[in-house]
Amino acid sequence: MVERITNGLLRRGLLILALLLPGAALAAESAAVTSPRVTATLLSSRDVVAPGERFQVALSQKIAKGWHTYWANPGDSGEPTRIEWTLPAGFSAGAIQWPAPKALPVEPLVNFGFSDAVLLPVEITVPEGAQPGERLTLKANATWLVCEKICIPEEGSFTLDLKVGPAPVADEAAQSRIDAARAALPQPADFRAKLTQDGDALALALPGLAQPVEELRYFPLLETLIEHAAPQTATNSAAGTTLQLARSSSFKVGETELSGVITYREAGVPRALSLMADVEPALVNSTPAAATPQAAPAVVRASAAPEGNLTLWAALAFAFAGGLILNLMPCVLPVLFIKALGFAQAAQASRAEVREQGLLFLCGVLTSFIVLAGAVIALAALGTSIGWGFQLQSPPVVIALAVIMVLIGLNLLGAFEIGGSVQGAGHGLASSGGRLGAFMTGALAVIVATPCTAPFMGAAMGYAVTQPPQIALAVFLALALGFAAPVVILSFAPGWLRLLPKPGRWMVILKQAFAFPMFATATWLVWVASVQAGPGGVLAALAAILAAGFLVWLLGLGRSAGGRTRIALSALALLVAVSAGAFVLQSAVPSATDAARAGDIEPWSPERVAALQAEGRPVFVNFTAAWCITCLANERVALVRQEVKDTFAKLNVAYLKADWTNRNATIAAALAEHGRAGVPLYLFYPGTKGAPPEILPQLLTTDMLVEAAGRAAGKEARTAENRP
């Protein structure tokens, strides 16, 4: 009897659970997007929505201590959070309902934003024609900038699964949080403010604040109105409160009324009001006399041809020449060593086999360039700017390349074998492994070439990313042909191949020697991971290398083992690979490393350039990345030279660094603006407000920098050539 009752209860419980499961699939809160700085989710006040109703969702950000995100007007620097919606047909989303910001000092600047936690509500409208029983998915892609002493752009994709019903059903927990956030939003003021000119400053009259209040501050939505870091002084009278504001050095007002927020404390209680301010007509479209731009000098471009004036044929020629020169870059040479060894092994084989290897290398190069071109073209069509070397902005990709380099080095040292032995010089060439090896060598050469930018490449790539897809693809293919040309020509030149010695012990020694450039490249890639993701990136890279070595050992044991043992070893190898991959993805998170590493180098931003030019200072901007070998070479050869430092100091040149090691949409946009698709890019701005920059060549010299500094400062600078 007891067993029958128990079974009956169990069946009923399972039936109830089955009925509840469709509702359990609905989500009033999305999966979290987490970084060491921000944990973000999307909340819905409804589990079930009704036709024609309006309901609230909210982007929730939990912010790490010491970090902050930004308000609609970010203040002296930063970018506000933005949300792009993908909604079912008929649905619409309103604007972000911004909470009152805080003034966040980041000496000598002040930002407007949020710390600790913030909820950003958005109203969603359901169409009248929505059908009860219908399931719907709301998708949002949010981007935000999170800053401490440095700023890191982050983004997240969020999904909410809801249901349409005859009547709305609230999610009580989410509804409570969103209601609390909306209750704390700035309330509309029951008065209008008035903005007038007061000498060199501004006066904001607040007639609705007749009684003195504490900690009064005005946050305008217009970024070009006030100096955000300047004190705001309040005076009281019977007519209300007047707030004295410092006028922005880039002051510009185009409307007769302005919106903004004031925050204050009244009897110890924090309050916030949204208000409209009538603007004195004399201030509209006005600019302070002292800030009137002087005549800007003509732009000087030191490259062979300005990118904007390139024709298609010139771009193709530049791309082919850049591909040829790319073979000489230090990031490519180690892989080409392997191809050279392959030709040395094949020197005694038939000409047809050697040509086949060269053509397969070409196919590998072309395939890789087509994949890269497809990614650039596809993302450009979606409005995302990326450039040459973009894949190396992902720490997991950098770590994967480091592992590949270590495995290649171990293979060359003989720790494990892929394919035939060195002594069987021509044997492996006719096998499928030889063909695949030639193809993969071409593909690998392209992947490790992306940290480098050769002369002529910058102009060609900058031209390509601004053109229709078919033209962009043609430029990439020209670059691929130039890159593959030396190896292909060598494979079709039997006279050159006969100059190589016959196979022998020297090949074994040379093969082992080529392992060390591979290890050197792996060491450099681990360093890049450390710059991108800090100590966690180094740990992830070393763990991945350890796992790769263990994996190769297991697979080697499996070759000589029996059936069941081989299956067990293969399963263990798969487990090791999956676990290592998961650990790398979890640990290799971009870290908050200083963008500028020297005391006299500042992080770049367009606002900082404008401010320095307004002060009359020349500005040098170095667009660089830790994975860019050309950039690092320029730093060693020219930028760190004492002569350059002395010239910059003498001429009061400000040195800004735009670090593109990790993805940064603002830097990508700036590169595109100057006709570049990747780094390096070097700009020299004159010390005149609003003056355009001089674009320097991609390969720098000390004299070139000294002369450019002199031109930017309006003075003749001495170089090695004109020095007495």
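The following exchange covers one sheet and two helices of a predicted model.

Colleague: In the open sheet of three strands, what is the strand order?
Modeller: The pairing in this open sheet is antiparallel. Its edge strands are β5 (69–75) and β8 (102–106), each of which pairs on one side only. The order is therefore read from edge to edge, with strands pairing if at least two bridges join them: β5-β9-β8.

Colleague: Which residue in β9 stands opposite Gly75?
Modeller: Strand β9 covers residues 109–114 and pairs with β5 in the antiparallel sense over three bridges. Gly75 belongs to the β5 range, 69–75. The residue opposite Gly75 in β9 is Asn111.

Colleague: By what angle are neighbouring strands of this sheet turned against each other on average?
Modeller: The sheet in question has the order β5-β9-β8. With direction ignored, its neighbouring strands are turned on average by 50°.

Colleague: Why does the span of helix α3 agree with expectation?
Modeller: Helix α3 (residues 312–326) has 15 residues, and at 1.5 Å a residue these should span 21 Å. The span agrees because the end C-alpha atoms are apart by 21 Å.

Colleague: What arc do the buried residues of α3 cover around the axis?
Modeller: Buried in α3 are Ala315, Leu316, Phe318, Ala319, Gly322, Gly323 and Leu326. They lie on the same side of α3, because the arc they cover is only 160°.

Colleague: Which residue just after α18 takes a positive phi?
Modeller: Helix α18 (residues 702–713) has twelve residues and reaches 17 Å between its first and last C-alpha, close to the expected 16 Å. Its buried residues include Leu705, Val706 and Ala712. Just after the helix, a positive phi of about 75° is taken by Gly714.

Terms used. Residues are numbered from 1 along each chain as its sequence is written. This is a predicted model: local features need pLDDT of at least 70, side-chain atom pairs count only at pLDDT 80 or more; totals for chains, interfaces and linings use all residues. Side-chain values use heavy atoms; hydrogens and water are left out. Helices (H or I, at least four residues) and strands (E, at least two) are DSSP runs, numbered from the N terminus. Axes are lines fitted to C-alpha atoms, for helices over the stretch in contact, and angles run from 0 to 180 degrees between N-to-C directions. The expected span of a helix is 1.5 Å times one less than its number of residues. Buried means under 20% relative accessible area, exposed over 50%, partly exposed in between (1.4 Å probe, protein chains only). The arc is that of the directions from the helix axis to the C-beta atoms.
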